[in-house]
Number of protein chains: 4
Amino acid sequence: MANDLQKPAKMRRQPKQVRSQERVQSILGVAEQLFIESGYDQTTTRAIATRAEVPIGSLYQFFPDKEAILKALANHYFEQEYHLFVKLHTELAEAPIAVYVDRMVDAFDQFATDHPGYRAVLEQLIDLMVVADINTLDTYDPQIIKELAHFLEQRNSSLDSAKCELIATTIVKAVNELLWLSFTRDQIFREQLLAETKTLITAYLQTYQI
Amino acid sequence: MANDLQKPAKMRRQPKQVRSQERVQSILGVAEQLFIESGYDQTTTRAIATRAEVPIGSLYQFFPDKEAILKALANHYFEQEYHLFVKLHTELAEAPIAVYVDRMVDAFDQFATDHPGYRAVLEQLIDLMVVADINTLDTYDPQIIKELAHFLEQRNSSLDSAKCELIATTIVKAVNELLWLSFTRDQIFREQLLAETKTLITAYLQTYQI
Amino acid sequence: MANDLQKPAKMRRQPKQVRSQERVQSILGVAEQLFIESGYDQTTTRAIATRAEVPIGSLYQFFPDKEAILKALANHYFEQEYHLFVKLHTELAEAPIAVYVDRMVDAFDQFATDHPGYRAVLEQLIDLMVVADINTLDTYDPQIIKELAHFLEQRNSSLDSAKCELIATTIVKAVNELLWLSFTRDQIFREQLLAETKTLITAYLQTYQI
Amino acid sequence: MANDLQKPAKMRRQPKQVRSQERVQSILGVAEQLFIESGYDQTTTRAIATRAEVPIGSLYQFFPDKEAILKALANHYFEQEYHLFVKLHTELAEAPIAVYVDRMVDAFDQFATDHPGYRAVLEQLIDLMVVADINTLDTYDPQIIKELAHFLEQRNSSLDSAKCELIATTIVKAVNELLWLSFTRDQIFREQLLAETKTLITAYLQTYQI
DNA sequence: TATGAATGAGACTTCATTCAT
DNA sequence: GATGAATGAAGTCTCATTCAT
């Protein structure tokens, strides 16, 4: 199920009107762009409002503060990412591991392409938590890791649940890092790195007879 | 040889006197702490100066601006990291791959323990470059990757130089990410993750008969 | 028509409300005083805001930076000065030259009395342009000179347009300088200098049968 | 005799050694350039010292503060200007007025060319005095005006001393202003303005049968 | 005497957020 | 509800001048 961090304090009110819906989307879209271009700290709420053609006062009706915009984006990403995995695992429950890894990495790559702000948002979110001395896990429940662990457990029932979560964590983190890196390079290197990522994860999973 | 990004404009002058040396060290040490605690943007130059017990004017005598402090730290890290690798490769030129990976990951772990600001500094450095639209590679030449690639080439001469660099990149990025993650968790998980990282890299390198 | 240097970037927004109008006026008035008392560079934006009883943030809402305050004052002066001349020339189109000069110098004198900051502002404006390596004429179009040249051409049609502009420039600069000087002296000297200025300009214009 | 404001507090010590002499000259020369380029306030004492290749500490041995550099330059100018007039008046005691004006304006023009910082320095000096609420005349004794007044008195003994001083003031100020203006324009306009200045002053002096 | 590292008040400007309209 | 003018704490960095060496 999707992370429901969303309700607590992110939205001051449910956008009921079409206008509001559009504005919220516009704000999030613009914020994503600006966070990528200039970083979270260097992006002003006024800049977001201006570029989104939304009055600054309205922005604060939808989001109680700047952080809420970041969190809304993060949840957006988390949800999409989670659904991606669920779909993948349903389709590839029985597939050979090499095929699974191939499809999974490609899916992640597509996701990163579709959501260029993912990395910037995630990083900043973690920063905020470190600064606030909040354990990341308490607040941002990594659903994808849980989901992947579950998948692994089904493929090799001799692995216990804790071990699977460890493996899943390892995979998710490594893949995310390498994918992000691939986006900072030229197309050729990017494709090579993608292939390499697949090799890395496949070799790793074979160790566990998955 | 060590990365010499250092000279360009990091130090406004070479600290010639002991007092200055101490002050520079103090500033860097304090900055590292504060960047970890609160992040680069949230750390004020005044806070650094105050905690380092150095007048703000003196801080600006050593570093032309806030960014220079970040870069000085980064170079510090890069140099240490590079030397660590060189030493490792000398010692383990002939070691079995499992042993090499074991020692390498442990060394990185030790490095991360000794330099807790490494991650925060590196991330911010990349952010600055993205914002300034500078290619990371043009400015920060990743010496460790070059060094590791060289090592791999020597262990399996059938791999060409480009391939080795690709593999090295993959390893360095994955290991750094997983190690950093391990520091945000409790001791038990931390150790498990360390072991898992070794498994991951070992499996990967075996693919290449290294 | 009045100089419209004004719009380009002087005002961040058009003050629509009475409160804002008053604040802008207050800021300009206070700035004028302080520029006279201490010079432009020595006048801090905070001092202006404080004396004008306007929060510093509001000051920056009306004027993007310190320079904009200077430019707003300058345009204020330029416009008034220009209107003064137009009025004068309409009234004295047929007057004997001695009468014209008498009235003109008096009018300038009155203007200088009413706008004691004129000199300080103009000087600083020119300084800024010199430093920025901007040709004064490109930016600050001296409408008064044009207007006076036009008047002269009408009084003696045998003088060509270029010559008239040259004469006008000579007059405007000389009169301004002598008037400004007169303000730094005691009342007696001041009046003598005023009379002398009239003599100077009258003698000059008689040379050209104007 | 030259203005001797100089001794009171301008020089901390008489440069007795060649090295010191050179340094003082270098400082003054550099200061003149920088004051022209960037204005007095924007010129830092460190910039002067650096460009003059003199240690900042040494600069403060020669000049007690920044203002002293300005005053030293001013006195330099005043002296030169005064000598120029004395020489001129000796040579042209009997010359027809048109010739005298011609030579005088040319001489001033040459002076301005040789001392491009004259205007900037004089203006700043006056500013400082206004700010310090010091009457310009108390401190900067305008020797050239006195000298010119004396010359005029000799040419038309029916004019009393006060009147001559008034006329001299008028001339000196008007000529200086117009010459300075001429330097901000292209060569063609510059020469026309020079000619016009001569016309202006000649017409004026003829009024007094000088 | 000569040097230049050291000092810290203070300059300009920004920005998240509020709240009266 | 919608708006955007208003706020002022706080940030980065500069610079004239001193004084220990």
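**Entry 1. The surface near DNA strand F**

I sorted the surface near DNA strand F by class and obtained 9 nonpolar, 13 polar and 13 charged residues. For this sorting, Ala, Val, Leu, Ile, Met, Phe, Trp, Tyr, Cys and Pro are nonpolar, Asp, Glu, Lys and Arg are charged, and the others, Gly among them, are polar. I note that this is a predicted model, in which local features need pLDDT of at least 70 and side-chain atom pairs count only at pLDDT 80 or more, while totals for chains, interfaces and linings use all residues. Residues are numbered from 1 along each chain as its sequence is written, chains are lettered from A and ligands numbered from 1 in the order in which they are written, and side-chain values use heavy atoms, with hydrogens and water left out.

I then asked which residues are the closest to DNA strand F. Of the 35 residues that surround the strand, the closest are Arg23(A), Ser58(A), Arg23(C), Pro55(C) and Ser58(C). Sugar and phosphate make up 63% of the atoms of DNA strand F that come within 4 Å of the protein. A residue is taken as near a molecule or strand if one of its heavy atoms lies within 4 Å of it.

**Entry 2. Polar contacts to DNA strand F**

I looked up individual polar contacts, each a pair of N or O atoms within 3.5 Å; within protein, one atom must be able to donate a hydrogen and the other to accept it, and residues adjacent in sequence count only if both atoms are side-chain atoms. An N or O atom in the side chain of Ser58(A) is 2.5 Å from a phosphate oxygen of DNA strand F. Thr43(B) places a backbone N or O atom 3.5 Å from a phosphate oxygen of the strand. For Gly57(C), a backbone N or O atom lies 3.1 Å from a base nitrogen of DNA strand F.

I next listed the elements that give two or more residues to this surface. They are helix 4 (56-62) of chain A, helix 2 (45-51) and helix 3 (56-62) of chain B, helix 1 (18-38) and helix 3 (56-62) of chain C, and helix 3 (45-51) and helix 4 (56-62) of chain D. Helix 3 of chain C gives the most, with 5 residues. Helices (H or I, at least four residues) and strands (E, at least two) are DSSP runs, numbered from the N terminus.

**Entry 3. Chain B against chain A**

I laid chain B on chain A with an RMSD of 0.1 Å by a turn of 180° and a shift of 0.0 Å along the axis. That is the relation of a two-fold axis. The superposition is by least squares on the C-alpha atoms of residues with pLDDT of at least 70 in both copies. The same surface serves both copies, as 100% of the contact residues of chain B recur in chain A.

In this contact (heavy atoms within 4.5 Å), 35 residues of chain B meet 35 residues of chain A. The two chains bury about 3100 Å² between them, 67% of it on carbon and sulfur atoms. Leu166(B), Glu196(B) and Leu200(B) supply 19% of the area that chain B buries, more than any other three residues. Buried area is the accessible area (1.4 Å probe) that two parts lose on being put together, summed over both.

I found 2 salt bridges between chain B and chain A, where a side-chain nitrogen of Lys or Arg must lie within 4 Å of a carboxyl oxygen of Asp or Glu. One of them joins Lys163(B) and Glu196(A) at 3.2 Å, N to O. Across this interface, 8 residue pairs are in polar contact. Helix 9 of chain B gives the most to the side that touches chain A, with 11 residues.

**Entry 4. Chain D against chain C**

I repeated the search for chain D and chain C. A rotation of 179° with 0.0 Å of shift along its axis superposes chain D on chain C, with an RMSD of 0.2 Å. Here 100% of the interface residues of chain D are also interface residues in chain C, so the copies meet through the same surface.

The contact takes 35 residues from each of chain D and chain C, and the buried area is about 3000 Å², of which carbon and sulfur atoms give 67%. In chain D, Leu166(D), Glu196(D) and Leu200(D) lose the most area to chain C, together 19% of what that side buries.

I counted 2 salt bridges here, including Lys163(C) with Glu196(D) at 3.3 Å, N to O. Helix 10 of chain D gives the most to the side that touches chain C, with 11 residues.
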